[in-house]
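Reader: I am new to this structure and would like a close look at a single part of it. Please take the aromatic rings and go through them slowly, then add whatever belongs beside them.

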Amino acid sequence: MRSIRIFFEKKNMAKYISHLDLMRCFSRAVKRARLNIWYTEGFNPHAFMTFSLPLSLGTESFCESVDIRMLDETPLDEIKDRLNETLPPDIRITKVAEPVHKADEIAFAEFEIRLNTDNPEKVKASVEEKISADEIIVEKKAKQGRKKVLKPVDIKGNIHSYELETGEKYVLLKIIISAGTKTNINPSLLIDAVTADVKDDIESVDIKKNKMLLEDLTQFE
């Protein structure tokens, strides 16, 4: 038995597939590709798969990964090709390799967030003011006894670095924020907070995750 890591893109219409449906999609793809993988034991056996991090609905990604365990020595390139033949067109395998890092070593994620607007300078100035403030308060879901409540949380300390650029009809925010099993910041919450004063000026928001990074900002492999 050997562990392998499958890196894939999830873009275009596939960004609207939930994490649960993504798991089902990969499980079916593995079966159709006739990969000899390890299944869990017990009353309800299922294909063993471990995704690095759940991806927020509506976010495109070019750096997702899932680990499986192979029971044979099928070449890595063949695994990639066989899976791409069975997956939807907007989910593409980019690389299959032996795992280098553990998923719990992921500390940050690099995002590109495009704010489509007819007033890029106004939007940029407002976002710059909000994101450079001493605190950025968002409402995150939390448990209070048996109830789920919204709790105000300051996420300013979870921003490692950022850049703002403007185009003819957009503002581009390139940002590295905390991600991983310990702290995982939803970029949508961040955007809601830093665009609160210019929501009416923004036509749409496109979020792309480009890299998953370790504590030292090297790429997760």
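Author: What follows starts with the ring pairs and then turns to charges over rings, one strand residue and one helix.

The model is a predicted one. It holds four aromatic pairs. One of them is formed by Phe8 and Phe51, whose rings meet edge-to-face, 6.3 Å centre to centre and with 90° between the planes. Phe8 belongs to strand β1 (residues 2-10) and Phe51 to strand β2 (residues 50-51), so this pair ties together parts that are 43 residues apart in sequence. Phe8 counts as buried because its relative accessibility is 1%, under the 20% cut-off. Phe51 is buried as well, with a relative accessible area of 13%.

Phe51 also pairs with Phe26. Here the ring centres are 5.7 Å apart and the planes stand at 80°, so this pair too is edge-to-face; the angle is over the 60 degrees that this class requires. Phe26 sits in helix α1 (residues 19-32) and Phe51 in strand β2, 25 residues apart, and the pair links these distant parts of the chain. Both Phe26 and Phe51 are buried. Taken together, ring pairs join Phe8, Phe26 and Phe51 into a cluster.

Rings also occur beside charges. Arg69 lies over the face of Phe48, 4.1 Å from the ring centre. The charged end of Arg114 is placed over the ring of Tyr170, at 4.0 Å from its centre.

Tyr170 is also one of the residues in contact with Asn116, if neighbours within four places in sequence are left aside. Others in contact with Asn116 include Lys169, Asp201 and Asp206. Asn116 lies in strand β5 (residues 108-117) and counts as buried because its relative accessibility is 11%. Its side chain and that of Asp206 are joined by a polar contact of 3.2 Å.

Strand β5 is also part of what covers the buried residues of helix α4; the cover further includes α3 (120-131), β6 (137-144), β8 (159-166), β9 (170-178) and β10 (202-213). In α4 (residues 187-194), the buried residues are Pro187, Leu190, Ile191, Ala193 and Val194. They are on the same side of α4 because they cover an arc of only 160° around the axis. The N-terminal end of α4 is capped by Asn186, which has a side-chain oxygen 2.9 Å from the backbone nitrogen of Ser188.

How values were computed: Residues are numbered from 1 along each chain as its sequence is written. This is a predicted model: local features need pLDDT of at least 70, side-chain atom pairs count only at pLDDT 80 or more; totals for chains, interfaces and linings use all residues. Side-chain values use heavy atoms; hydrogens and water are left out. Helices (H or I, at least four residues) and strands (E, at least two) are DSSP runs, numbered from the N terminus. Buried means under 20% relative accessible area, exposed over 50%, partly exposed in between (1.4 Å probe, protein chains only). A polar contact is a pair of N or O atoms within 3.5 Å; within protein, one must be able to donate a hydrogen and the other to accept it, and residues adjacent in sequence count only if both atoms are side-chain atoms. Contact means heavy atoms within 4.5 Å. The arc is that of the directions from the helix axis to the C-beta atoms. Rings of Phe, Tyr and Trp (its six-membered ring) pair if their centres lie within 6.5 Å; planes under 30 degrees apart count as stacked, over 60 as edge-to-face and the rest as tilted. A charge sits over a ring if NZ of Lys or CZ of Arg is within 6 Å of the ring centre and within 35 degrees of the ring normal.
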